[in-house]
Amino acid sequence: TAPTSNMHFDAIVIGAGFTGLYQLHLLRGRLGLKVKVLERGDGVGGTWYWNRYPGARCDSESHSYCYYFDDEILQEWEWSERYPQQPEIVRYLNFVADKLELKRDIEFGANVTAARYDEAANLWHVETEAGEVFTAKYFITGVGCLSSANVPNIPGRDSFKGDWYHTGQWPHEGVDFTGKRVGQIGTGSTGIQAVPVIAETAEHLTVFQRTANYSIPAQNGPLSDEFKKWAKQNTDEIRRKMHASTNGHPFLFEDRDAADVTDAERQAIYEKAWEVGGLRFRAVFRDLLIDKAANDTAAEFLKGKIREIVKDPQKAEILATIDHPFATKRPPIDTGYFEAYNRDNVSIVDLRKTPIVEITEKGVRTADQEYELDIIVFATGFDAMTGSLLKLGIVGRGGVPLSKAWEAGPRTYLGLQVAGFPNMFTITGPGSPSVLSNMPVAIEQHVEWVADCIEHMEKNGIDRIEPTEEAVAGWVDHVNDAANATLLPQAGHSWYLGANVPGKPRVFMPYAGGMARFRKICDEVAADGYRGFAFSNDGVPQSG
Ligand code: NA7
């Protein structure tokens, strides 16, 4: 018999970001289930609730970085800029949560520390730091892919007498850099957004760069009234494009290879794409991520731009000495990043030549000198894709912890389920294409697929679902094949591979086959009676 306590639910969802909000809405509204969302923050927003660092902005265009499931939401909400800034995204998610009356089923400040599957009762027991225990048949994680901060354990870190912050755990009251000597470690998408903003008020900003990075100007600005009107009138067309595109963005890759045009034409195409800005740059040729020679043409163009923008030749050399192919690490989008190095108060340290040896009371000591600092900013990224899941303390059938099941790297079917963890769904989990896509498009697809699957189970009186070992093995192979068909694994230092966290198994985690292809596979799996998943009922397998 099902427990009746007020701590029992049909489904527990972890996280109140894009995933959790929509999953709650669908399971509660469409399926009529009793759902509880547990969120460690004190408000909605997920990743965007925590990432309040200076310059925090999304790299997807605002009119595509939102839900497309509800026409009223699309019509009522108005974005102000081409790319949404962090506070605007949090406002948007609050708007959605209020409009759909979601907050009453969200418990804020609830940090989940354990989630254990009880096989006899076919229930998940989910425990928070405060000691509350919830039970549910379905356990759905919406914890984000880039939400577990990676603060490198540099010797002496705790001896620093100044203040230090990780960009993904930024103080809500902000940080005043006025008159301060600031050191920033990290030049990924986050670091590249933060540099120009911190430089505006800091007395001096020293950027510690381990890996130089390509970056493309966002060409951000306020949205015109004309564009806003167009976007509202063309939601069906925009949705169609996002669903058809490889990465879920509202534009398609050009149907040509880099070698299809002359050198002069290619240069002109890159110049124009630079002016257009943002992630659209890499869509000008379809083979940039597949063919090294094609990639080299883009890489050379972008390195040339760095040398053109940065006036000091020494700084320019440090910034333009990039040894991975373009876009094999997530390509940052910036607003005045390289230009910031033309300021007298911004300097750059090449950690490849002079690595950080330790953090001292006064600042950062590299192989050749000590930099005295008042503030250290760690823009050092995340324990991506698996970090936040493993922190939940998940234990599956037979008492097997997820950390044990994933000892040699994460293994899922469709990024959505793990063998041995019945009725657990991992939205945007490893093996999903989400981090290589426009995230809300991936999330909507995952969340809708899971809701359909649960509806199927409820209608047919099915107790349990989990993937077969065979299906998982097949998906892991397919994810590897998809990555190996691209240049992506060539960036040895990327978080896609888990290489940014010492000791983490090196496995290419995202599905690189594209969002459109993934959607098709998921639809076929469902239409084929949930191929690769085993349903069971009191130990008796369902016939179909
Ligand atoms: P990223 O892309 O992981 O970038 C982290 C940066 O920090 C990167 O430059 C790293 O250098 C650097 N890093 C990490 N650890 C260290 C140590 N120990 N010493 C020196 N430098 C270090 O994280 P972001 O937050 O910028 O972006 C994450 C995603 O958010 C992004 O891809 C978008 O999808 C949005 P490395 O390259 O490892 O040599």
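This is a conversation about how helices, strands and a ligand shell are described in a predicted model.

Reader: What kind of model is this, and how are residues numbered?
Author: The model is predicted, so local features need pLDDT of at least 70, side-chain atom pairs count only at pLDDT 80 or more, and totals for chains, interfaces and linings use all residues. Residues are numbered from 1 along each chain as its sequence is written.

Reader: What makes a stretch a helix or a strand?
Author: Both are DSSP runs, numbered from the N terminus: a helix is H or I with at least four residues, and a strand is E with at least two.

Reader: Why are α9 and α10 called roughly antiparallel?
Author: Helix α9 (residues 292-309) and helix α10 (residues 313-320) pack at an angle of about 155 degrees, their axes 8 Å apart. Axes are lines fitted to C-alpha atoms, for helices over the stretch in contact, and angles run from 0 to 180 degrees between N-to-C directions. Angles under 35 degrees count as roughly parallel, over 145 as roughly antiparallel, 65 to 115 as roughly perpendicular and the rest as oblique. Hence α9 is roughly antiparallel to α10.

Reader: Which residues make that contact?
Author: Lys303, Ile306 and Arg307 come from α9, and Ala316, Leu319 and Ala320 from α10. Two residues are in contact if their C-beta atoms, placed from the backbone, lie within 7 Å.

Reader: How are the residues of the contact of α9 with α10 divided by class?
Author: Four are nonpolar, none is polar and two are charged. Ala, Val, Leu, Ile, Met, Phe, Trp, Tyr, Cys and Pro count as nonpolar, Asp, Glu, Lys and Arg as charged, and the others, Gly among them, as polar.

Reader: Why are α14 and α16 given the opposite label, roughly parallel?
Author: Helix α14 (residues 439-459) and helix α16 (residues 515-527) cross at roughly 5 degrees, and their axes come within 11 Å. That angle falls under the limit for roughly parallel, and therefore α14 and α16 carry that label. Their contact involves Val441, Ala442, Gln445, Trp449, Asp452 and Cys453 of α14, together with Met515, Arg519, Cys522 and Ala526 of α16. By class, the contact of α14 with α16 has seven nonpolar residues, one polar and two charged.

Reader: How do you know that β4 and β5 pair?
Author: Two strands pair if DSSP finds at least two bridges between them. Strand β4 (residues 112-118) and strand β5 (residues 123-128) have six bridges, in the antiparallel sense. In one of these, aspartate 118 has leucine 123 in β5 as its bridge partner. The two strands form a hairpin with four residues between them, and asparagine 122 in the turn has a positive phi of about 50 degrees.

Reader: What makes β5 and β6 a pair?
Author: Four bridges join β5 to strand β6 (residues 133-141), again in the antiparallel sense. Valine 126 is opposite phenylalanine 134 in β6. This hairpin has four residues between its strands, with glycine 131 in the turn at a positive phi of about 95 degrees.

Reader: Why do β7 and β12 count as edges of their sheet?
Author: The open sheet has five strands in the order β7-β16-β8-β9-β12, with parallel pairing. β7 (163-166) and β12 (346-350) each have a single partner strand, so one side of each has no neighbour in the sheet. On average, neighbouring strands are turned by 20 degrees against each other, direction ignored. The partner of β7 is strand β16 (residues 375-378), paired in the parallel sense over four bridges. Histidine 166 bridges to phenylalanine 378 in β16. Helix α5 packs on this sheet, touching β8 (181-185), β9 (204-209), β12 and β16, and its direction makes about 170 degrees with that of β8.

Reader: What makes β13 and β15 edges too?
Author: An open sheet of three strands runs β13-β14-β15, with antiparallel pairing. β13 (356-359) and β15 (370-372) have a single partner strand each, so one side of each is without a neighbour in the sheet. β13 and β14 pair over three bridges, and three residues separate them in a hairpin.

Reader: Which residues come nearest to the ligand?
Author: Pro152, Gly186, Gly188, Arg330 and Gly381 come nearest among the 21 residues around the ligand. A residue is near a molecule or strand if its C-beta atom, placed from the backbone, lies within 6 Å of it. Helix α5 (residues 189-201) gives the most to this shell, three residues. By class, the shell has eight nonpolar, 11 polar and two charged residues.
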